[in-house]
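Please open the structure in your viewer and keep the sequence panel at hand. The tour below proceeds from one selection to the next.

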Amino acid sequence: MSAPLFEIDALRARAADSDGPDILSGVSLTVNAGEIHALIGPPGAGKSTLAATLLGSPDYLVSGGALRFRGDDVTDWGPDVRAKAGMFLAFQYPHEIPGVSLVTVLRQAVSARKGVDLSVVELHALVAEWADRLGIDSGFADRFLNEGCSAAEKKRNELLQMALLEPDIAILDETGTGVESGALDVVAQGVQEVRKDRPGLAMVVVSQHPRLLKLLEPDFIHILRGGKIIDSGGAALVEKFVKEGVDAWV
Ligand code: ADP
Ligand code: MG
């Protein structure tokens, strides 16, 4: 039997800069190709900690358990090594980088992931195709990274990266995404557009928005509370969250 695509195995984690207790106290989750998993939970549940730990953030230390990707233990891999292997970690380039255009970053990221150097012309053609499909105006990619971008534009920028890098799994942290900005629709539509080409793309979406899950229609939903998964289910549980919000588990 081949290994699952992605496994979170009894994961424990704590803040790197404190000797406080574990924030995550044994989270387990198995993700197979093509599945969308949503992770929700009340404030303080550990959602942001889990997302940051999956992304390989230095702000958190894994104090127990493991992360496995295609059977390889990736717990100690840095974000760049994870990305090259086929894990897409949104918020890898969260900040404005003065003087660096999106197209430059994309070119380096595609080169690292695929081991081929696209010419500027090839990259522009690819960016133009996806910009059109994701509703991004041309010229966007030549702007400096995230400089003066709205929340929705930053989301489009991430989706463009996801489309070009062709990952096997994407981990999206939507905990900070505002509801008003239209950014949720951008995420949901963009994910659908990318999955048209790549139905095998698996996703873990950490969110707090019932509306996003209504749009994304995840296969599985997991409720995190007190650093543990307290409930998991399929469409019926997704519907419960969409209707009642996280209050149903508080
Ligand atoms: P959520 O995103 O679900 O609201 P968090 O992961 O942000 O929850 O936080 C979970 C718990 O861990 C909270 O009690 C929070 O105070 C604590 N925590 C999170 N990050 C840190 C940190 N860097 N240092 C100390 N405590 C932290
Ligand atoms: Mg949070």
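A residue is called buried here if its relative accessible area is under 20%, exposed if that area is over 50%, and partly exposed in between. The model on display is predicted, and the values quoted along the way are computed from it.

**Stop 1: helix α1**

Select residues 47-54, which form helix α1. Seven of the eight residues of α1 are buried, so the helix is largely enclosed by the rest of the structure. To see them, colour Lys 47, Thr 49, Leu 50, Ala 51, Ala 52, Thr 53 and Leu 54, the buried residues of α1. Beyond the helix, move to Gly 56, which follows α1 and has a positive phi near 80°.

**Stop 2: the sheet beneath the selection**

Keep α1 visible and add β1 (6-15), β2 and β4: the helix lies across these three strands, and its direction makes an angle of about 60° with β4. In what order do the strands of this open sheet run? The order is β2-β1-β4-β5, four strands with antiparallel pairing. The edges are formed by β2 (24-31) and β5 (72-73), each of which pairs on one side only.

Next, zoom in on β4 (residues 60-69) and its neighbour β5, which are joined in the antiparallel sense by two bridges. Display Arg 68 together with Asp 73, its bridge partner in β5. Between these two strands, stop at Arg 70, which sits in the loop from β4 to β5. Arg 70 has a positive phi, near 50°, and is not a glycine. Is the residue buried or partly exposed? Arg 70 is partly exposed, because its relative accessible area is 45%, which falls between the limits of 20% and 50%.

**Stop 3: strand β3 and its two partners**

Now select residues 36-40, strand β3, where five of the five residues are buried and the strand is mostly covered. Show the side chains: Ile 36, Ala 38 and Ile 40 point one way, whereas His 37 and Leu 39 point the other way. In a regular strand, the side chains alternate between the two faces of the sheet.

Add β8 (residues 202-206), which runs parallel to β3 and is joined to it by four bridges. Ile 36 has Met 203 as its bridge partner in β8. Then add β9, which also pairs with β3 in the parallel sense over four bridges. Here the residue to display opposite Leu 39 is His 222.

**Stop 4: the loop before β9**

From β9 (220-225), step back to Glu 217, in the loop that links α7 (210-216) to this strand. Glu 217 is not a glycine, yet its phi is positive, at about 45°. The residue is exposed, because its relative accessible area is 60%, a value over the 50% limit.

**Stop 5: the largest cavity**

How many cavities of 30 Å³ or more does a search of the whole structure find? There are two, and the largest holds about 50 Å³ of space. Select its lining: Phe 88, Lys 155, Glu 158, Leu 159, Met 162, Leu 172, Glu 174 and Val 187. Helix α5 (residues 151-165) gives the most to this lining, with four residues. Colour the lining by class to finish: five residues are nonpolar, three are charged and none is polar.

Methods:
Residues are numbered from 1 along each chain as its sequence is written. Chains are lettered from A and ligands numbered from 1 in the order in which they are written. This is a predicted model: local features need pLDDT of at least 70, side-chain atom pairs count only at pLDDT 80 or more; totals for chains, interfaces and linings use all residues. Side-chain values use heavy atoms; hydrogens and water are left out. Two strands pair if DSSP finds at least two bridges between them. Contact means heavy atoms within 4.5 Å. Axes are lines fitted to C-alpha atoms, for helices over the stretch in contact, and angles run from 0 to 180 degrees between N-to-C directions. On a 1 Å grid over the protein atoms alone, a cavity is a set of points where a 1.4 Å probe fits but cannot get out, and a pocket is an open set with protein on both sides within 12 Å along at least five of seven lines; lining residues have an atom within 4 Å of a point. Grid points are joined across faces, edges and corners, and a volume is the space filled by probe spheres set on the points. Ala, Val, Leu, Ile, Met, Phe, Trp, Tyr, Cys and Pro count as nonpolar, Asp, Glu, Lys and Arg as charged, and the others, Gly among them, as polar. Buried means under 20% relative accessible area, exposed over 50%, partly exposed in between (1.4 Å probe, protein chains only).
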